[in-house]
Amino acid sequence: MIPRRAALGLLAAAPALVALVRVARASTPPVFATDGIAINGIDPVAYFTQSAPVAGQAGFAVDWMGARWLFSSGENRDRFAADPTAFAPAYGGYCAWAASRGYVADTVPEAWTIHDGRLFLNASLRIRRRWERDIPGNVALADANWPAILG
């Protein structure tokens, strides 16, 4: 028989255990999006054409991979729509460093790198500096982990 104190402790822990199981079963969406807007509303094509993060506009949008992607111009929107994989960030816009380490993390627009024609985003400028120490090695690790780390 379980002592009363132990039984009460198990009952008190039950909601936390249920929440943990729920989190473990939930899968991460394939694209980093906040309120359905991909990569913080930044135009992914602009990273390639303007070498900078440029805010997209709701009037220039494309729905792709379960998220709404915003663009700074109709031309950028059309370029993306014609070949999304050429412009979408690697690892769904989640942090490339985190992906190389086997987990997902949000990103910030100013922490970005283009390497071998691919856009990589990072969680912070500090993390981007880590990423840049060995981009080819980190890409190999992240590619091996992706998309299994989505859950």
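# Reading helix α3 and the features around it

Guide: The buried residues of helix α3 are covered by elements that include α2 (44–49), β3 (57–64), β4 (67–71) and α4. Buried means under 20% relative accessible area, exposed over 50%, and partly exposed in between, with a 1.4 Å probe and protein chains only. Helices (H or I, at least four residues) and strands (E, at least two) are DSSP runs numbered from the N terminus. Contact, the basis of the word "covers", means heavy atoms within 4.5 Å.

Visitor: What kind of model is this, and how are its residues numbered?

Guide: This is a predicted model, in which local features need pLDDT of at least 70 and side-chain atom pairs count only at pLDDT 80 or more, while totals for chains, interfaces and linings use all residues. Residues are numbered from 1 along each chain as its sequence is written, and side-chain values use heavy atoms, with hydrogens and water left out.

Visitor: How many helices and strands does the protein have, and in what order do they run?

Guide: There are seven helices and six strands. Read from the N terminus, the order is α-β-β-α-β-β-α-α-α-β-β-α-α. The protein has 151 residues, of which 36% count as buried. If one takes the contacts between residues at least 6 apart in sequence, 55% of them join residues at least 24 apart.

Visitor: Back to the helix. Which residues of α3 are buried, and where do they fall around its axis?

Guide: Helix α3 spans residues 74–82, and G74, N76 and F80 are buried in it. Viewed down the axis of α3, these buried residues fall within an arc of 160°, so they line one face of the helix. The arc is that of the directions from the helix axis to the C-beta atoms. On the face of α3 turned away from the buried side sit the exposed residues E75 and A82.

Visitor: α2 was named as part of the cover. What does A46 touch?

Guide: Start with its place: A46 belongs to helix α2. A46 has a relative accessible area of 0%, so it is buried. When residues up to four places away in sequence are not counted, A46 touches S51, A52, V54 and N76. N76 is one of the buried residues of α3. Ten places further on, the separation can also be read: A46 and G56 are 10 residues apart along the chain, and their C-alpha atoms are separated by 9.2 Å.

Visitor: And β3: is F60 buried, exposed or partly exposed, and with which residues is it in contact?

Guide: F60 is in strand β3. F60 is classed as partly exposed because its relative accessible area is 25%. With neighbours within four places in sequence set aside, F60 is in contact with W69, L70, F71, S72, S73, G74 and R77. As for S73, it lies 13 residues from F60 along the chain, and the two C-alpha atoms are separated by 6.2 Å. G74, another of those contacts, is buried in α3.

Visitor: How should I read a strand pair, and which way do β5 and β6 run?

Guide: Two strands pair if DSSP finds at least two bridges between them. Here four bridges join β5 (residues 112–115) to β6 (residues 118–121), and these strands run antiparallel. In this pair W112 stands opposite L121 in β6. The two strands form a hairpin with two residues between them, and D116 in the turn has a positive phi of about 50°.

Visitor: What surrounds T113?

Guide: T113 is located in strand β5. T113 is buried because its relative accessible area is 9%. Not counting residues up to four places away in sequence, T113 touches R118, L119, F120, R128, W131, E132 and I135.

Visitor: Where does D35, which has a positive phi, lie?

Guide: D35 lies in the loop between β1 (33–34) and β2 (37–38). Its phi is near 50°, a positive value in a residue other than glycine. D35 counts as exposed because its relative accessibility is 78%.

Visitor: What are the phi and the place of S51?

Guide: S51 has phi near 50°, again a positive value in a residue other than glycine. S51 is in the loop between α2 and β3. Its relative accessible area is 52%, so S51 is exposed. S51 is also among the residues that A46 touches.

Visitor: One last backbone feature: which peptide bond is cis?

Guide: The bond from W146 to P147 is cis, with omega near 0°. P147 is in the segment after α7 (135–145).
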